[in-house]
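Please look over the sequence and the model below before reading on. The text walks through a few of the parts in turn.

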Amino acid sequence: MVESYKQTKYNLKQGKQVLFTGTPCQIAGLKSYLGQAYDNLFCIDIICHGVPSPKVLQKYIFYQENRVGAQTQRITFRSKNKGWKQFSVSFLFNNDTEYVQTLDKDLYMQAFLKNTCLRPSCYACNFKTLHRQSDITLGDFWGISNISPYMDDDKGTSLVFVNSVIGKLMFDKIEDWISYMKVDITIAVSYNSSAIKSVEQNPNRERFFEELNQLSFDKLVHKYCQDGKLVSTKRKLKFVAYIVLEKTGLLNVARQVLRKVRYLN
């Protein structure tokens with residue numbers, strides 16, 4: 001945040017309208033810092049999986065730059081070149097080369113999705129709740145294909161929570177410009193548990209950080225995010241299947257089917 005809170009408070013006191021966006025904990029921190037309500041403040045938070053360690057990100061950037069021999073110009077963590085559900089990580093380097101890899105194959109995304117590199121507070125987050133301090137919450141509507149298939153073009157469908165009177169007024173101003181439908185919020189979050197539930201800490205997390213300075217990034221991920229060996233094609237397919245089932249809300253259904261099959265056998 002650095003100077004963001006101070007700048008926000010200064011602008012609010014000057015009577016300027018301020019839009020502040022961030023994670024739920026950052027919004028809560030801002031409200032605590034301000035100490036009072038402001039009619040000219042509008043806050044948007046996101047459905048947050050968790051925040052990775054900045055040190056891990058820097059190590060990954062160094063790994064990619066060292067591999068290519070060029071500096072990074074731009075990083076995209078949710079490129080949709082292969083679709084919304086099978087999103088990619090993209091690096092654009094200053095030698096006009098580009099790295100693009102899907103979520104199941106990118107090393108950084110493997111560590112992130114397996115909850116190995118998140119900050120300690122993210123495993124016990126106090127701000128994952130439907131009772132938000134923001135005016136509007138934005139997230140991915142994983143599972144939209146089960147609720148309204150015609151709204152799923154695999155380019156991304158947003159989940160929007162309207163949390164306050166101000167949020168409702170702002171949403172009303174744009175509703176004629178967007179395609180939307182109302183959905184029971186309990187059904188919506190059943191497909192995106194990150195809205196209300198902290199992720200579980202990976203048991204390898206402590207060892208991952210203990211060797212963060214000793215191992216190269218690829219060896220680190222291979223050791224602690226892939227059970228110590230390169231992932232086979234079969235394991236890659238299992239990983240992709242798990243992510244797709246989780247994000248479409250079918251993971252629990254698949255587990256129930258497997259339990260029944262094992263019982264019958």
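What follows goes from the first helix to a sheet, then to single residues and to the aromatic rings. The model is a predicted one.

The first helix, α1, spans residues 4–13, and its buried residues are Tyr5, Thr8, Asn11 and Leu12. These four lie on the same side of α1, because the arc they cover around the axis is only 130 degrees. The opposite face, turned away from the buried side, carries Gln7, Tyr10 and Lys13, which are exposed. What do the buried residues of α1 pack against? Their partners are β1 (18–22), α2 (24–34) and β2. After α1 comes glycine 15, with a positive phi near 85 degrees.

The sheet is next. It is open and has four strands, in the order β1-β2-β6-β7, with mixed pairing. β1 and β7 (158–162) are the edge strands, each pairing on one side only. From one strand to the next, the twist averages 20 degrees. Inside the sheet, β2 pairs with β6 (residues 136–140) in the parallel sense, over three bridges. Aspartate 45 has threonine 137 in β6 as its bridge partner. Two helices can be placed against these strands. α1 lies across β1 and β2 and runs at about 160 degrees to β1. α2 also packs on the sheet, where it touches β1 and β2, and its direction makes about 150 degrees with that of β2.

The loop between β2 (41–46) and α3 (54–68) contains glycine 50. Is glycine 50 buried or exposed? Its relative accessibility is 10%, so glycine 50 counts as buried; the cut-off for buried is under 20%. Leaving aside neighbours within four places in sequence, the contacts of glycine 50 are Phe112, Leu118 and Cys122. A further link across the sequence is with cysteine 125: the two residues are 75 apart along the chain, and their C-alpha atoms are separated by 8.7 Å.

Glutamine 110 is a residue of helix α4 (residues 107–113). Its relative accessible area is 6%, and glutamine 110 is therefore buried. Which side chain makes a polar contact with the side chain of glutamine 110? The partner is the side chain of glutamine 226, at 2.2 Å. Not counting residues up to four places away in sequence, glutamine 110 touches Leu103, Asp104, Lys105, Val221 and Gln226.

Two aspartates deserve a look for their backbone angles. Aspartate 96 is not a glycine, yet has a positive phi of about 70 degrees. Its place is the loop between β4 (88–93) and β5 (98–102). Aspartate 96 counts as exposed because its relative accessibility is 71%, the cut-off for exposed being over 50%. Aspartate 154 is likewise not a glycine and has a positive phi, of about 60 degrees. The loop that holds aspartate 154 runs between α5 (144–147) and β7. With a relative accessibility of 27%, aspartate 154 counts as partly exposed.

The aromatic rings come last. How many aromatic pairs does the structure hold? There are 13 aromatic pairs. One of them joins tyrosine 60 and tyrosine 63, a stacked pair with 6.3 Å centre to centre and 20 degrees between the planes. Both tyrosines lie in helix α3, three residues apart, or about one turn of the helix. Tyrosine 60 counts as buried, because its relative accessibility is 1%.

Tryptophan 84 and tryptophan 142 form another pair: their ring centres are 4.5 Å apart and their planes are at 10 degrees, so the pair is stacked. This pair links distant parts of the chain, 58 residues apart, with tryptophan 84 in the loop between β3 (72–79) and β4 and tryptophan 142 in the loop between β6 and α5. Tryptophan 84 and tryptophan 142 are both buried.

Which residues are linked into a cluster by ring pairs? The cluster consists of Tyr60, Tyr63, Phe77, Phe91, Phe93, Tyr99, Tyr108 and Phe217.

Note on methods: Residues are numbered from 1 along each chain as its sequence is written. This is a predicted model: local features need pLDDT of at least 70, side-chain atom pairs count only at pLDDT 80 or more; totals for chains, interfaces and linings use all residues. Side-chain values use heavy atoms; hydrogens and water are left out. Buried means under 20% relative accessible area, exposed over 50%, partly exposed in between (1.4 Å probe, protein chains only). Contact means heavy atoms within 4.5 Å. A polar contact is a pair of N or O atoms within 3.5 Å; within protein, one must be able to donate a hydrogen and the other to accept it, and residues adjacent in sequence count only if both atoms are side-chain atoms. The arc is that of the directions from the helix axis to the C-beta atoms. Two strands pair if DSSP finds at least two bridges between them. Axes are lines fitted to C-alpha atoms, for helices over the stretch in contact, and angles run from 0 to 180 degrees between N-to-C directions. Rings of Phe, Tyr and Trp (its six-membered ring) pair if their centres lie within 6.5 Å; planes under 30 degrees apart count as stacked, over 60 as edge-to-face and the rest as tilted.
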